[in-house]
Amino acid sequence: MSVARRLRRPGRIFRQARMIARAMQSRGHPILAHIIPVRRCNLSCGYCNEYDKVSQPVATEVMAGRIDRLAELGTEIITFSGGEPLLHPDLDDLIRRIRRHGRIATLITNGYLLSVERIRLLNRAGLEHLQISIDNVQPDEVSKKSLKVLDKKLEWLAEHAAFDVSINSVVGAGVKHPEDALAITRRALELGFDTTVGTIHDHKGQLKALPDADRAVYDQIQRERKPGMWAFAYDNLFQKNLTAGMANEWQCRAGSRYLYVCEDGLVHYCSQQRGYPAIPLERYGAEELEREYWTKKACAPFCTVSCVHRVAMIDLMREEPRRALKEFFPAGMPAPVRMLSNLFLPAETGKPQGWATRVTAGAVKRVLGIR
Ligand code: SF4
Ligand code: SF4
């Protein structure tokens, strides 16, 4: 891990903790928004429905206005997605704008345009997290997002990035060499990055059943990456069912706790359900956030859009914390989670908290700036 990344890490952890604390406190604001600065992409992955080859970047002042509006709505994390966001000429200024609002700024990129200088500029702008999806070890006719092409960029990131990096690999129907996902995960772990593994979805964000060979690779990846607490909980709650081809019972909060803002400034549920509700961001407000919090989405049972699942986990915790924790950790809570739940949740026995617990909980809340 680079020295700069180490130095900035405590600040990032603090801001993430504050973000979760605020999201737990109120459901009146979005937790995460994906925003598109340019629809164009420099690649043409065979499975992708999220890019074109002609769009111009959205004007910087228009993007700035959208960021201001998202901040006004209380959005905690603003993520640039695309297309390829690094094609936007003023991306660094837009990242700075998010940070000036006190929000978390993150980026999803195919990594092709990264250089040492570009990474340093992203450091200076205040980027906090970057995600790259890598599809295969060798490029093929479907995807050029391969470890072979991107490995040098990953080494530069390991050496120079002051922000967190996570590498996503994929398994599922249509992936030619499922064992590639394992090679990609191992390389990412070796370089000190976080890893995620996604299951491939169709053009509506829906599950395709996981073939046996992919299932075995997936299980091996889970053993080797030793997922952190949240990733472990996510696996228990959503991914286990999806890899077994089974439906999940959950309430999708897209359009409320998660927003997808397209290049035309319209709010959609997610990248896979564009067109709903398709309301201009400047007219999107408390009424829409409240309505979409409760709207049942027919696509939810077999949805594979993991960022929206993760957002939903926070609301599960907020609404029924004890039940949620049992679902997250069916074999028993890890020690830090047990400690936090003892601090912040009413005792299961109904007994009032002792004074030491109350004082500690109050002090932690004050540090995080919440009531
Ligand atoms: S790099 Fe990403 S946005 Fe571009 S074509 Fe591939 S999947 Fe789509
Ligand atoms: S369930 Fe929600 S996140 Fe998933 S595809 Fe449907 S609208 Fe998108």
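How do α4 and α5 lie to each other, parallel or oblique? I started the notebook with that one. This is a predicted model, so everything below is read from a prediction.

**Entry 1: α4 and α5**

I looked up the axes of α4 (residues 116-125) and α5 (residues 147-160): they come within 10 Å and cross at roughly 40°. Angles under 35 degrees count as roughly parallel, so α4 and α5 go down as oblique to each other. I noted the hand of the crossing of α4 and α5 too, and it is right-handed. For the contact itself I have Val116, Ile119 and Arg120 on the α4 side, meeting Trp156, Leu157 and His160 on the α5 side. Sorted by class, that contact of α4 with α5 holds four nonpolar residues, one polar and one charged.

**Entry 2: α3 and α4**

Next I checked what α4 does with α3 (91-100). The axes of α3 and α4 are 8 Å apart, and the packing angle is about 25°. That puts α3 roughly parallel to α4, because angles under 35 degrees are counted that way. α3 passes α4 in a right-handed crossing. From α3 I listed Asp92, Ile95 and Arg96, and from α4 Leu121, Leu122 and Ala125. I count off the classes for α3 with α4 as four nonpolar, no polar and two charged.

**Entry 3: α6 and α7**

How far apart are the axes of α6 and α7? I get 9 Å, with an angle of about 10° between α6 (residues 179-190) and α7 (residues 212-225). α6 and α7 are therefore roughly parallel to each other. On the α6 side I wrote down Glu179, Ala181, Leu182, Thr185, Arg186 and Leu189. They meet Val217, Gln220, Ile221, Glu224 and Arg225 in α7. The contact of α6 with α7 has five nonpolar residues, two polar and four charged.

**Entry 4: around ligand 1**

Which residues surround ligand 1? My list opens with Cys41, Leu43, Ser44, Cys45 and Cys48, then takes in Glu50 and Tyr51. It goes on through Gly82, Gly83 and Glu84, and ends with Asn110 and Lys145. By class I have five nonpolar, four polar and three charged residues in this shell.

Two of the names sent me to the backbone. Gly82 and Gly83 both belong to the surroundings of ligand 1, and the peptide bond from Gly82 to Gly83 is cis, with omega near 10°. I placed Gly83 in the loop between β2 (77-80) and α3. I had α3 in Entry 2 already, as the partner of α4.

**Entry 5: backbone in β9**

Where does the chain have another cis bond to note? I found one from Tyr276 to Pro277, with omega near -15°. Pro277 sits in strand β9 (residues 277-280). I stayed in β9 for Ala278, which is also found in that strand. Phi of Ala278 is near 55°, a positive value in a residue other than glycine.

**Entry 6: the two domains**

Last, I pulled up the domain assignment of the protein chain: domain 1 runs over 3-322 and domain 2 over 333-368. Their C-alpha centres lie 31 Å apart. The contact draws six residues from domain 1 and six residues from domain 2.

Which elements give two or more residues to the domain 1 side? I wrote down α1 (3-25) and α11 (321-328). α1 gives the most to that side, with three residues. The residues of domain 1 that touch domain 2 split into four nonpolar, no polar and two charged.

Key. Residues are numbered from 1 along each chain as its sequence is written. Chains are lettered from A and ligands numbered from 1 in the order in which they are written. This is a predicted model: local features need pLDDT of at least 70, side-chain atom pairs count only at pLDDT 80 or more; totals for chains, interfaces and linings use all residues. A residue is near a molecule or strand if its C-beta atom, placed from the backbone, lies within 6 Å of it. Ala, Val, Leu, Ile, Met, Phe, Trp, Tyr, Cys and Pro count as nonpolar, Asp, Glu, Lys and Arg as charged, and the others, Gly among them, as polar. Axes are lines fitted to C-alpha atoms, for helices over the stretch in contact, and angles run from 0 to 180 degrees between N-to-C directions. Helices (H or I, at least four residues) and strands (E, at least two) are DSSP runs, numbered from the N terminus. Angles under 35 degrees count as roughly parallel, over 145 as roughly antiparallel, 65 to 115 as roughly perpendicular and the rest as oblique. Two residues are in contact if their C-beta atoms, placed from the backbone, lie within 7 Å. Domain bounds come from an automatic or database domain assignment. A crossing is left-handed if the near helix is turned anticlockwise from the far one by less than a right angle, and right-handed if clockwise.
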